[in-house]
Each structure stands twice: as C-alpha cells, then as structure tokens.
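The exercises below are meant to be worked through with the model open, and each task is followed by a solution that proceeds step by step.

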Amino acid sequence: MSNPTYTNRPSETESDGLAQLALDLRWTWDHTADELWGRLDPELWEHTQNPWVVLQTIAQDKLEAARRDPRFSQRLEELLEAQSAAANGSTWFRESHEKTPLKLVAYFSMEYMLAEALPIYSGGLGNVAGDQLKAASDLGVPVVAIGLLYDQGYFRQEFDAEGNQIALYPFNDPGQLPIRPLRDANGEWVRLPLALPGLKMWVRAWQARVGRALLYLLDSNDPANPAVFRSITSELYGGGPDTRIRQELILGMGGWRLLRALRLSPEVVHLNEGHAAFAVLERARSWMADRHDPFDVALTVTRAGNVFTTHTAVDAGFDRFAPELVEKYLTHYAENILGIGIQDLLALGRRDRNNRSEPFNMAALAMRGSGRVNGVSRLHGEVSRNLFQPLFPRWPQPDVPVGYVTNGVHVGTWESAESSEFWTAACGHHRWSGEVDHLEAGLRTVSDLELWQLRSRTTQKLIDFTRKRLAYQREVEGWGAAEVEEASRIFDPDVLTMGFARRFATYKRPNLLLHDPDRLLRILTNRERPIQLILAGKAHPQDQGGRALIRQWNDFVSRADARCHVVFLSDYDKVLTQHLVGGVDLWINTPRRPWEACGTSGMKVLANGGLNLSELDGWWAEAYTSEVGWAIGDGQEHGDDPAWDAAEANAVYDLLEHDIVPAFYDRDSQGVPSRWVAKMRESLTRLTPQFSANRTVREYTEAHYLPAAAAYCRRAADGGNAAMEIRRWQRQVAEHWDNLRFGELHVETQGPEHQFRVHVYLDELPPEAVAVELYADPVGSGEPFRAQMSRAHALAGSVGGYVYEGKAPAGRPADSYTARLVPFHDGVAVPLEAAEILWQK
C-alpha cells in the first residue's frame, strides 16, 4: 500500500490565513467564505466543495495574485476575525455550566459525517456523530472526538446498464483531506504503539478542527507496520471479524491512549454505539496504572463517567466476536495488564457470564462499563429495554436501565441557503447557539405567502440540481445523447416533488410504494395534478436483498411512461442529501416498525419547509400530529407480514390521492395552497427546534454529561475510596443474596389506600444495604407503580428479620401490587451496577 509524502507549500502552513479557514470544518455550515474559494478556482470548488483541495491545487502565482487584490485580502481578514470571534466568544455552556465538574467530554464513534470532503462515514451513525459534534461547537460544550481515518471510507455507487448497483472504492488521499498530521511540541508526528499477537503495531494520529471542537482520527497505514496491519483501517465496515475487532481495538484502546498522550483527562466518555467499548477497559487500565488499584475498583470508578448510546433496534445488529477471537487478541491484555482472567473479561460481554460458548457482545461490554445508557428515540428506548432485558434477569422491562435522548440534526448543515436567509430574517443569525424556545415567536409572524415563496425558491434550486446531476449520471452510464439532453429538461418546479433517500435494506421497505406499480404510475402521471419523485440510496455491497430492491426501482424508472416522473440518482452522499432535503415538498419514510431506531433523514427537511409522510416509527412516532404532516400505519408492530405491507401501501396511495395531492394543489386567490402552508408552518415552527442537534446536545449535557462528570468526580475523590466502598457493598450483597427471603404479608384497605406490612429476612446483610419496594405493572401506556417501603422495626426473636410498611392507591386490587427487595447504595445505579432482585411472590 502506498504511503503519500506530506509536505507543506509555503501558502499551506496553518499560520497562513487561507489554510486556517480551509482546515476549520466550520465552513460546512458557515458558508460566508464560499465566495473566496469559488474565486480561486470556480470549477474545482463546484466539483469538490473542499477548500483544502483548492489550496493544494491552485497555482502559486494565481494564489499570490489573489492575495494582492485589496478586496480579496480585506475579505480574508474579515473572515479570520469572524472565525476568531466565533471561537472565543461567549457560549451557552460557558454561561450556564462553566462552574461544574464537567471540563471535557471524549466522544468515540466509528464514523463521522462532517463533509463530503472527509468521506469517513456510511450513514445514520456518522450523521448523528457529525451533527452532534457541530452542535457541541455551536454551544461551546467541551468535546473532543475520536474516530478512524479510512483509506477508502464507504463505497461510491454507480448503476450498470441493467440498473444494478456497482460499488467503487476510490482512495482517500490524506493530503487532499481537510485534516493534518497531529504533531507534538517538537514537531514529531504522534504515533502510538499497540500490541497485537506477535507484533507491535503503530497507529498514526490526525487532527480535524470542527469549529471549537477537535476530532482526532487514527489510522494504521504507518510505513513501519507490516502490510497486514497497514490495511486494518483501509475500509469502513470492511473485512471480516479479524479486521473488525482490530479496528475496534484501535478506536477504543488507541483512542484512549491518544488522549493520555495528549494529557487530556475527560471526566466523561461518550460511546456512540458499542464499537468503541474497548475504551471502557483502557480507561480502567489507566486508573489502575495511576492508582495501583485492582481492575474491579478501577472499573467502578471510571464507569460512572461513561455514557453509552445504543442505536441498534434488532439484536442481530450488535457487534459480536467469537470467544476464540477475543482470546487471541486480549488474553495477554487481560491477564498481564488488567490482572484478570480472560474468562472474566469475556463475561463482561456476555448475557450469561458463565456460558463459555456465548459470543462476546460489544454492546454488553459497553452496558457493563457505563454509568448511563440511552437509546435514540422514545420508542427506541422501549425497544432497547427489551433487547437488554436478558442482562437483568427477573427485572421488569420498564426497569431495564436504558433511557432515551432523541436524535436531532444540525440545522445549519442541512438548511439551504434560501432557508438560512429566511430563518435569519425571522429569528436572527445566532439562533442555534443557545436556547431555542424563543424561535417560535419569530416564525409565527411570517405570512403564508412568504412561506410559500420559500418553498418555490428551494424547489427550483433542487430541480436545477437534479437536471444537472441526472444528465451527468446518464453520460457516465452510457446513455444516448437524446436521453442526456432529456435529463436537462426533466421535472417542473411547480409540481409536487417527493423525495425518498435511505439505505436500501429490506426492513426499511424502500419498495413499499412499488406494491402496485400501475397505481403508483397513475398517481404520478395524473395530468391535472402530477407528482415527481426523486430517489437515492445505497445497499451494502453484501446485501443481496437490498441490491435487488435498487434494481426493482431502476426497472420501474426505466419504463418509458415513468421516466419523466421518477429519477433514481446514484451515489447517495452528503451533497446529494443536502440538495434533496433542501428542496423536496414531501419526504417519505417507510420502515417496518419498530426497526427504525430514530431516523434523521426526515428531520433534515423541517427547516426547509418540507413535510413528512412517514411510518409511525423512530422520531416520527413522537413528533407526529395531524397538524405537521402525515402518518403511515397504526403505531403497532406487525412483523414481516406481507398482508400488512400491502395494506399500508394502499393506505399511502389513498393518502396521496385524497389528502396530500389536494392539499398541495388547492390554491387561494394568491396562488397559495393554504392547507399545505398551514402544515408547513406548524412543522417548521414546532418540530425544527425540537428535533435539532442543538436540543439533543443540550439534553445530553444536562441529563447525562453533567451528572456523569459529578458521579465520576465523587468516586475518583480521595484516591477512589468511594469506589472501594461500593465494591465492598457489592460483594456483601452478592454473598448474602441467596439467603434473603420474604415472610408473611398483611394487607388492609382503608378508604383510598391499601396498607401493606411485610416481613423480610436479610440474613447478615445490614438493612441499609437494601431497599424494599412495592411494585405494580403499568396500566396501558403508563408508568409502573413504584414506592419504597419504610422499615418499621425488627422482628422480635429474629436475627436479620424486619417489618416493612408501605401504602398504595386502592384504585387497583391489592394483589396487583408485589413487594420486592433490591440492592441500595447511595450514588449507585441499580440495576445497572447491582442487578440482584427478589420478589415476594
């Protein structure tokens, strides 16, 4: 594998003003410098949208001529001053939370979608990571991010003559990416040694700046490595289990070691999916090295500062490794570094700690190594509690310790230029830099006509882009001159424009609209009220089912009677997404509930005035009301049922024919579709702030980062004495738990209350080590009833026997309530850190 030589031209040092702008990915959402890059090389800028490539490519004399231009120099100075002001100005976090224990969050993710100029992402996970990093920059939340730099990243897509997907893997030349080698104070490239079986591997570090935040990327393509190691980071989600576990070792262990090398000590580690869970082990190892504590104490201290976000909606989606593979890579690490047996390490990643044949589950390791766990939507929180329930046997599903923080999108990245102007006029320039409650007032003053004019401008821009991109696509695919010319005239900006762009997988049901292709075609080609549809999406190269779905759509698009009404744009990427969400009238999403953990594609249309027609799954299950869009389904799970799929497809056709199309085409005296614009207003006003990354990151900060930092600092104080006490308590509880039992239960009903008295026998366990609770299952969609019982007195003549008393509403029968015994210790998350439980019956 080749290793490029990295040199700096005189104009490309980081002290140079142009390089300083080009190497700050703020330009992915702040477009004030676009005119500068376009002036230097209009064609290259249009094709790449990469300022760093422009600087790398432009002739030196042309660059110097631009510098001598007073207007160019003045504009450059203005932009640099604005950049400095943005980096050093007051922020939401500084004003609200500076005097807290939280000084730094380390965010670990396998992928980041920041810019097409840095193609190290696949889809939703990277989208979330990139958008949250940008929002953290806007808000001033102190975050440093860790990821991997891939030689190829995810694949690029083309179609062959039969409409089949072709996967291409262009090389990511690091010299052309807006990143720099990370160097120490002496100018030496930061390289980290990692031990793999039989050999030492070197991992190189790179740096990308994202506004106020820094992203550090690791890769294994170091010349000192053997070829087999250099290729570990060659491809995102590529290779077999050996490659995958090596990538995750680099991300988790290598990432934490990089932080140590940089003398960064984050209070909080945020694991964006289980891929990074090896950071849990390495963080504990660092505590061991510093404090000479055993592994169990070190993990007890450090897990309090770890936050784990799961994005997986099906059990098969968790990363699992065969025990033999984990033993191959981690036996020496476990026994000689952590001081535990390899089976003890494997037990951290198993549902049944004693089942030596069970694969090692990275999500289980993340769960057992974290102090806080969340899903990515309200519904996904419920789904995740069901998925993780086997880790907490005998605990009811509502008590499984998984909450939720619904994802949001970075509005500044996904709003079109026209939408940005609209929002600035209504709500001000710095609208996403702090609280967003005030935005509604400004949006309510906008007239219906202004809203509709916004739609008209954004749709025209999308049509122009679609024509140009489709013409280019047809040229590449070898279509004739007539078809290429036809592409330059396709679509009408006054026609209802629908968009569907997702990863093509069977559970996403991207072909639901094709259930009855003839009916769909009649809807699209209605002479009086037509619809035009833009499709995009990739299937994983190994997913034959997903690739077949793409072929099916391309077969439909190639029909002569459909070709002017439907297009399938190839190579679904960030640039294509930005144009689609910036201009479609209606975004369609058809996953099979509840397999869409959150979904963010539909959120991206909100700020641009687009509406959603979506399955009641993921974020839309909590966002939908009839005032803001349209829903598919009944909000229930139906499994893989062809009959239900058919029913939902027909329901979509009915919605289009009888509700959506009339709402778009029925106009008032000014030519404004008042029913459509009413939904636009409510969607824009209510949903855009709620489903923004601004809200998401503020929620993570206040509900997770701040409490996690405080918990970690409490446990780390005084050399970790609190953690040692917690471990003594955990061992004490485990030793005596099997001897605990319930005795007699007495219930009296007086007026509106049931009064419970129960005898509890605690063996030699002190009563302060447990809690006795009354519990009742939830009714309908409500919460369970939980009430702690009070210890009344010791049982006469008994050793370890006590009477506990409690009350519960008499609106339910007394036998609906059950007494239960659970561990209790101040500052300990139960059942996350102590999963014992005993039921009275």
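Helices and strands are here DSSP runs, of at least four residues (H or I) for a helix and at least two (E) for a strand, and they are numbered from the N terminus. With that convention, Arg394 is placed in the loop between α16 and β14. The model is a predicted one.

**Exercise 1.** Determine which residues of helix α16 are buried, and which elements they pack against.

*Solution.* Begin with the cut-off: a residue is called buried when its relative accessible area is under 20%. Applied to α16, this gives Leu379, His380, Gly381, Val383, Ser384, Arg385, Leu387 and Phe388. Since these make up eight of the eleven residues of the helix, which spans residues 378-388, α16 is largely enclosed by the rest of the structure. The last step is to look for the partners of these buried residues, and they are β10 (306-309), α15 (362-368), β13 (372-375), β14 (403-404) and α25 (620-623).

**Exercise 2.** Work out the strand order of the open sheet of four strands, and identify its edge strands.

*Solution.* Following the antiparallel pairing across the sheet gives the order β21-β22-β26-β25. The edges are β21 (741-750) and β25 (790-794), each of which pairs on one side only. Neighbouring strands of the sheet are turned against each other by 25 degrees on average, with direction ignored. Turning to one pair in detail, β22 (residues 753-761) and β26 (residues 801-809) are joined in the antiparallel sense over nine bridges, and the register can be read from Glu753, which stands opposite Pro809 in β26.

**Exercise 3.** Describe the hairpin of β3 and β4, including the residue in it that takes a positive phi.

*Solution.* First establish the pairing: β3 (residues 156-159) and β4 (residues 165-168) are antiparallel and share four bridges. Next fix the register, for which Gln157 opposite Ala167 in β4 serves as a marker. Five residues lie between the strands, and in this hairpin Gly163 has a positive phi near 85 degrees.

**Exercise 4.** Find which residues line the largest cavity, and sort them by class.

*Solution.* The structure holds eight cavities of 30 Å³ or more, and the largest cavity contains about 70 Å³ of space. Its lining consists of Tyr107, Gln132, Leu133, Ala136, Val143, Val697, Tyr700 and Tyr705. Assigning these to elements shows that α8 (124-139) and α28 (693-716) each supply at least two of the lining residues. Sorted by class, the lining has seven nonpolar residues, one polar residue and no charged residues.

**Exercise 5.** Locate Arg263 and Arg394, and examine their phi angles and exposure.

*Solution.* As background, most residues other than glycine have a negative phi, and most peptide bonds are trans. Arg263, although not a glycine, has a positive phi of about 60 degrees; this residue is in the loop between α10 (241-261) and β9 (268-272) and counts as exposed at 77% relative accessibility. Arg394 also has a positive phi, near 75 degrees, and is exposed, with a relative accessible area of 56%.

**Exercise 6.** Find where the cis prolines Pro594 and Pro831 lie.

*Solution.* The bond from Arg593 to Pro594 is cis, with omega near 5 degrees, and Pro594 is found in the loop between β18 (586-589) and β19 (611-615). The bond from Val830 to Pro831 is likewise cis, with omega near 10 degrees, and Pro831 belongs to the loop between β27 (818-823) and β28 (838-839).

Technical notes. Residues numbered from 1 in each chain as written. Predicted model: local features only at pLDDT ≥ 70, side-chain atom pairs only at ≥ 80, totals over all residues. Heavy atoms only, no water. Pairing = 2+ DSSP bridges. Axes fitted to C-alpha atoms, helices over the stretch in contact; angles between N-to-C directions. Buried < 20%, exposed > 50% of the residue type's maximum accessible area, 1.4 Å probe, protein only. Contact = heavy atoms within 4.5 Å. 1 Å grid on protein atoms, 1.4 Å probe; cavity = no way out; pocket = protein on both sides within 12 Å on 5 of 7 lines; lining within 4 Å. Points joined across faces, edges and corners; volume = space filled by probe spheres on them. Nonpolar A, V, L, I, M, F, W, Y, C, P; charged D, E, K, R; others polar.
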